[in-house]
Amino acid sequence: MRTTTLDAVRNLGILAHVDAGKTTLTERVLFATGATYKRGEVHDGTTVTDFDPQERARGITIFAAAVSCTWDGHRVNLIDTPGHVDFSDEVERSLRVLDGAVAVFDGVAGVEPQSESVWRQADRHGVPRIAFVNKLDRPGADLDRAVESIRTRLHTVPLVVQLPIGAEEAFEGVVDLVRMRASTWNDERLEGPVPQALLPEAQRRRRLLEEAVAELLPEVVEEFFETGLSERTLTNALRELTRNGRGTVVLCGSAYRNRGIEPLLDAVIVYLPSPVDVPAVRGVDGQEREADPDAPFSALVFKVNATATGRLIYVRVYSGTVHKGETVLVAGRNERVGRILRVQADRHTPVDQAVAGDIVAVIGLKSARTGATLCDPAAPLSLEPPVSAEPVVSVAVEARRSADHAKLAEALGHLADEDPSLRVRTDPETGQTVLSGLGELHLQVAVKKASTDHRVEIVMGRPKVAYRETLATGVTGFVYRHVKQDGGQGQFAHVVIDTEPLETGFEFRSAVTGGRVPQEFVRAVEQGCRDALAEGPLGHPVTGLRVTLTDGSTHVKDSSEMAFRTAGRLGLREALRAGTMTLLEPIAEVTVTVPEEYVGGVLGDLASRRGRIVGSEVRAGTTVVTASVPLAEMFGYVTRLRSRTQGRGTFTSRPIGYAAA
């Protein structure tokens, strides 16, 4: 009975580029499954998952929201994720706890920049996906063109299982190529045989689908050539290809007009895995836990929400069962679970227990942070936490009234608690409080939230980007001696290092022979070098560097790990000053969509911002320009673009790395 219960659970996320229709699709899913009685609309600010006032004001998803519904006897735990690049860390944390995902694509634009980013994130986590090509009712929508962009830009094999009935404004339904049945929607879904006018095309596409499956799965080739694939064989093959990531099932529809939602839900149940279908979760020590309610309890914290009434800790339960009032181990401390809540966006229903496969919120855990593991105190386990992105933009913040400094500190503390990609520090030179994040919008949203939640007026400075520096020319045989004698045991360390440029990151090697520097001191030198990377000669973090320890010497009494760590830190700083450093600045890939008559002005403006045009293409009467632009030049670009295009131009950007400034 318990296995059946786990088999009937689907934990999935909705992934897409901004404005592809994720939130509208989520609303239609909730309506179709009976979880809501009225269809919410993004433009009206009435959606379930975009419940934050800033989300409703801006018309975009900012915070990942979890909801639950039931379909065909299955419970679907669904997370609506943000599509804007500034909130990609919310997507990363969500993907860490999901078993499957629906990737939503605009039927006109196809694969867009952030579509690629979230797809690569899902690749890293090994999350099986199905694709939903949305907005087929819009002028210029083309399923085949969108599918080709999936093939060429995402490097996957699209397995199209539907044929649209009608195009653009006349789009009214789909033909299911697996069951060879047609579904149309007026107010409700009507299902029947494939229309005679579409039957030859449906049969041709069914044959193409079977060919694509047979190429990927040798075990069905014989049946394909003898009789063609049966509905059962084709369904099982599509399920296997989806779960092993070798192919992507593609469906289509129009979420806004409520067309194609029920077949998508059917596909989620049939093709995406349940908690028992995915590999057992593995701890950092290699220990595994199966998705079994009777196994020792383990769960991962993927989101923290600091509310006025306490901290809501969102967790994915991987194994075992936890009851209200039980004690769990978190961050090395035993703490009591006060309450367990079933989550429906901003509404919560108390429950007595959570079992393997559940996504719930718990109250009462003071030590829990994003990425923390909750487990049975009798069976400790540590799970790999989600990796937070490094901030690229910083602003100075201060309270407008001096009396509110304590409130500001509390507000910023809550922000950093909720969002690990936000960093708060004090500038040692100016004494200002500096807030760092993933983009200008990210920081604006964070400051607005802190100001509203804690009733403190916050003043923001001008944004600054996070520069880096790298080695252009290194030095060989650089000698550094650390000698300190001030009474008692002294400190002595002698190191000889080489520095050379590296493509990215940091690498430390030891070429010491004859035991002139003991191994424990070599490790201390490496740690000291890593300490020195925090700030280079130009005042910024250092990247792209290889350090080789070639020689050194010790003192029989005064040498210690601390002495060699200090020598590594100070020696590398001096070696970098002796070499040549290059300043690096963050670069963003900017995609601008404008009517053709404004292209000239937009290209000139991008050039004035030191932008490099990568490409352009025409889509349905508009021109899409892609360029690489220094992030420092992009502040305030949205206002400039609107003024140049009379409000008709839009753009998206995503960081792609660093380049010499």
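## A walk from helix H6 outwards

Let's start with helix H6, residues 143–154, whose 12 residues reach 16 Å from first C-alpha to last, close to the 16 Å expected at 1.5 Å a residue. Keep in mind that this is a predicted model. Which residues of H6 are buried? They are Leu143, Ala146, Val147, Ser149, Ile150 and Leu154. Looking down the axis of H6, you find its buried residues within an arc of 155 degrees, so they line one face of the helix. The general rule behind such a pattern is that an α-helix has 3.6 residues a turn, so residues three or four places apart point the same way.

Now for what sits over that face. The cover on the buried residues of H6 includes helix H5 (113–125) along with a set of strands, among them E4 (100–106), E5, E6 (158–160), E7 (162–165) and E11 (248–252). The ends of H6 deserve a look too. At the N-terminal end, Asp142 acts as the cap, with a side-chain oxygen 3.0 Å from the backbone nitrogen of Asp144. After H6 comes His155, which has a positive phi, near 55 degrees.

From the cover of H6, pick out strand E11. It is mostly covered, with 5 of its 5 residues buried. Thr248, Val250 and Cys252 point one way from E11, while Val249 and Leu251 point the other way. That fits the general habit of a regular strand, in which side chains alternate between the two faces of the sheet. As for its partners, E11 pairs with E5 in the parallel sense over 3 bridges, and Val250 is the bridge partner of Ala131 there. E6 also runs parallel to E11, joined to it by 3 bridges, and here Leu159 stands opposite Val249.

Step back along the chain from E11 and you land on Gly247, in the loop between helix H9 (231–244) and E11. Is Gly247 buried or exposed? With a relative accessible area of 3%, Gly247 is buried, because the cut-off for that is under 20%. Setting aside residues up to four places away in sequence, Gly247 touches Thr156, Val157, Leu159, Leu241 and Thr242. For a sense of scale, the C-alpha atoms of Gly247 and Pro380 are 37 Å apart, with their positions 133 residues apart along the chain.

Strand E5 (residues 129–134) brings us to Arg129. This arginine is buried, at a relative accessible area of 9%. What do its polar atoms meet? The side chains of Arg129 and Asp123 are joined by a polar contact of 2.8 Å, and the backbone oxygen of Val127 lies 2.8 Å from a polar atom of the Arg129 side chain. Beyond four places in sequence, the residues that Arg129 touches are Ala101, Trp119, Ala122, Asp123, Thr242, Thr248 and Leu272.

Next, the nonpolar interior. The largest nonpolar core has 51 residues, and those with the most contacts inside it are Leu25, Val102, Ile130, Leu209, Val213 and Leu238. Helix H10 (residues 261–271) gives the most to this core, with 7 residues. Val102 makes a good place to look around: leaving aside neighbours within four places in sequence, Val102 is in contact with Leu12, Gly13, Ile14, Leu15, Leu25, Ile130, Phe132, Leu264 and Val268. A second, separate core has 33 residues, including Leu415, Leu422, Ala588 and Ala627. In soluble globular proteins, nonpolar side chains tend to be buried together.

Further along the chain is strand E14 (residues 298–307), mostly covered, with 9 of its 10 residues buried. E14 pairs with strand E15 (residues 310–319) in the antiparallel sense over 9 bridges, and it runs antiparallel to strand E23 (residues 373–375) as well, through 3 bridges. Ala299 is a handy marker for both pairings: it stands opposite Val317 in E15 and has Leu374 as its bridge partner in E23.

Our last stop is Asp419, in the loop between helix H11 (405–418) and strand E25 (423–426). Asp419 counts as buried at 12% relative accessibility. Its side chain makes a polar contact of 2.5 Å with the side chain of Ser421. Leaving aside neighbours within four places in sequence, Asp419 is in contact with Asp89, Arg93 and His442.

Conventions
Residues are numbered from 1 along each chain as its sequence is written. This is a predicted model: local features need pLDDT of at least 70, side-chain atom pairs count only at pLDDT 80 or more; totals for chains, interfaces and linings use all residues. Side-chain values use heavy atoms; hydrogens and water are left out. Helices (H or I, at least four residues) and strands (E, at least two) are DSSP runs, numbered from the N terminus. Buried means under 20% relative accessible area, exposed over 50%, partly exposed in between (1.4 Å probe, protein chains only). A polar contact is a pair of N or O atoms within 3.5 Å; within protein, one must be able to donate a hydrogen and the other to accept it, and residues adjacent in sequence count only if both atoms are side-chain atoms. Contact means heavy atoms within 4.5 Å. The expected span of a helix is 1.5 Å times one less than its number of residues. The arc is that of the directions from the helix axis to the C-beta atoms. A nonpolar core is a set of buried Ala, Val, Leu, Ile, Met, Phe, Trp, Tyr and Cys residues joined through side-chain atoms within 4.5 Å. Two strands pair if DSSP finds at least two bridges between them.
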